[in-house]
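Subject: Structure handover

Hello,

Here is the structure you are taking over. Please look through it first, then read the notes underneath.

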Amino acid sequence: MSFGVAIFLGFLLLSTQVMVHLYASSMVTAVAFDEARRASTGGGRCEGVEARVRERLGEWGRRPEVTIACAAGSPPSLGSAGVPTTVRIDGPSPARSLTIFGNRGIARIDRSASFLTEREGGG
């Protein structure tokens, strides 16, 4: 009986940690998407992206092991459709129990989003 209760509680802990990881992954993806869109509509300028991302992600975003990168190409030329502006967020999962599976894969969150930066003037 006690062995069955222990197994049940183990599975409950694992499922809770997986839900925390999935929620955090979804949040990081949404923030990367929003900030890449914002940077691309601003002409591909990455000023302030890191500060906004850290603010939106709260305590997790302010951890030193979380890296945030914004990369934008040179401004598009007259005949080009645009260059990508990419925001990438990488860090350990807030679900600490998942680190038993290693430091890669499910124990990390690594998300990026990219938008084409269009030339100002609409065409």
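The notes below go from the overall layout to individual residues and pairs.

Please keep in mind that this is a predicted model.

Overall layout

The chain has 123 residues, and 30% of them count as buried. Two helices and three strands make up its secondary structure. Read from the N terminus, their order is α-α-β-β-β. About 7,600 Å² of the chain is exposed, with carbon and sulfur atoms supplying 62% of that area. Taking the contacts between residues at least 6 apart in sequence, 63% join residues that are at least 24 apart.

Helix α1 and the surface patch

Helix α1 covers residues 2-41, and Val5 is part of it. Val5 also belongs to a nonpolar surface patch of about 570 Å², together with Met1, Phe8, Leu9 and Leu12. The relative accessible area of Val5 is 40%, so this residue is classed as partly exposed. The cut-offs behind that class are under 20% for buried and over 50% for exposed, with partly exposed in between.

Two serines of helix α1 are classed differently from Val5. Ser25 lies in this helix and has a relative accessibility of 5%, so it counts as buried. Leaving out neighbours within four places in sequence, the contacts of Ser25 are Ile109 and Arg111.

Ser40 is in helix α1 as well, and its relative accessibility of 6% means that it counts as buried. The Ser40 side chain reaches the backbone oxygen of Arg37 at a distance of 2.9 Å. Not counting residues up to four places away in sequence, Ser40 touches Thr85, Phe115, Leu116 and Thr117.

The aromatic pair

There is one aromatic pair in the structure. Its members are Phe33 and Phe115, arranged edge-to-face, with 5.0 Å from centre to centre and 65° between the planes. Phe33 belongs to helix α1 and Phe115 to strand β3 (residues 108-117), so the pair ties together parts that are 82 residues apart in sequence. Both rings belong to partly exposed residues: the relative accessible area is 43% for Phe33, and the relative accessibility of Phe115 is 23%. Phe115 is also one of the residues that Ser40 touches.

Salt bridges

The count of salt bridges comes to seven. Three of them are described here.

Which residue forms a salt bridge with Glu35 at 2.8 Å between the closest N and O atoms? The partner is Arg52. This pair links distant parts of the chain, with Arg52 in helix α2 (residues 49-61) and Glu35 in helix α1, 17 residues apart. Is Glu35 buried or exposed? Glu35 is buried, with a relative accessible area of 0%. Arg52, in contrast, is partly exposed at 25%.

Glu35 forms a salt bridge with Arg56 too, and here the closest N and O atoms are 3.5 Å apart. Arg56 is in helix α2 and Glu35 in helix α1, 21 residues apart, and this pair again links distant parts of the chain. With a relative accessibility of 39%, Arg56 counts as partly exposed.

The third salt bridge is between the side chains of Arg108 and Asp90, at 3.2 Å from N to O. Arg108 lies in strand β3 and Asp90 in strand β2 (residues 83-92), so this pair ties together parts that are 18 residues apart in sequence. Arg108 counts as buried at 17% relative accessibility, and Asp90 is buried with a relative accessible area of 14%.

Salt bridges that share partners also form one network, which joins Asp34, Glu35, Arg38, Arg52 and Arg56.

Where to start

If you want a few places to look at in the viewer, these will do:

- Glu35, for its salt bridges with Arg52 and Arg56.
- Phe33 and Phe115, for the edge-to-face pair.
- Ser40, for the Arg37 backbone oxygen that its side chain reaches.
- Met1, Val5, Phe8, Leu9 and Leu12, for the nonpolar surface patch.

Regards

Key. Residues are numbered from 1 along each chain as its sequence is written. This is a predicted model: local features need pLDDT of at least 70, side-chain atom pairs count only at pLDDT 80 or more; totals for chains, interfaces and linings use all residues. Side-chain values use heavy atoms; hydrogens and water are left out. Patches are made of residues with over 30% relative accessible area and no salt bridge: like charges are joined within 9 Å, nonpolar side chains (Val, Leu, Ile, Met, Phe, Trp, Tyr) within 5 Å. Accessible areas come from the Shrake-Rupley method with a 1.4 Å probe; for residues, only the protein chains shown count as cover. A salt bridge is a side-chain nitrogen of Lys or Arg within 4 Å of a carboxyl oxygen of Asp or Glu. Helices (H or I, at least four residues) and strands (E, at least two) are DSSP runs, numbered from the N terminus. Buried means under 20% relative accessible area, exposed over 50%, partly exposed in between (1.4 Å probe, protein chains only). Rings of Phe, Tyr and Trp (its six-membered ring) pair if their centres lie within 6.5 Å; planes under 30 degrees apart count as stacked, over 60 as edge-to-face and the rest as tilted. A polar contact is a pair of N or O atoms within 3.5 Å; within protein, one must be able to donate a hydrogen and the other to accept it, and residues adjacent in sequence count only if both atoms are side-chain atoms. Contact means heavy atoms within 4.5 Å.
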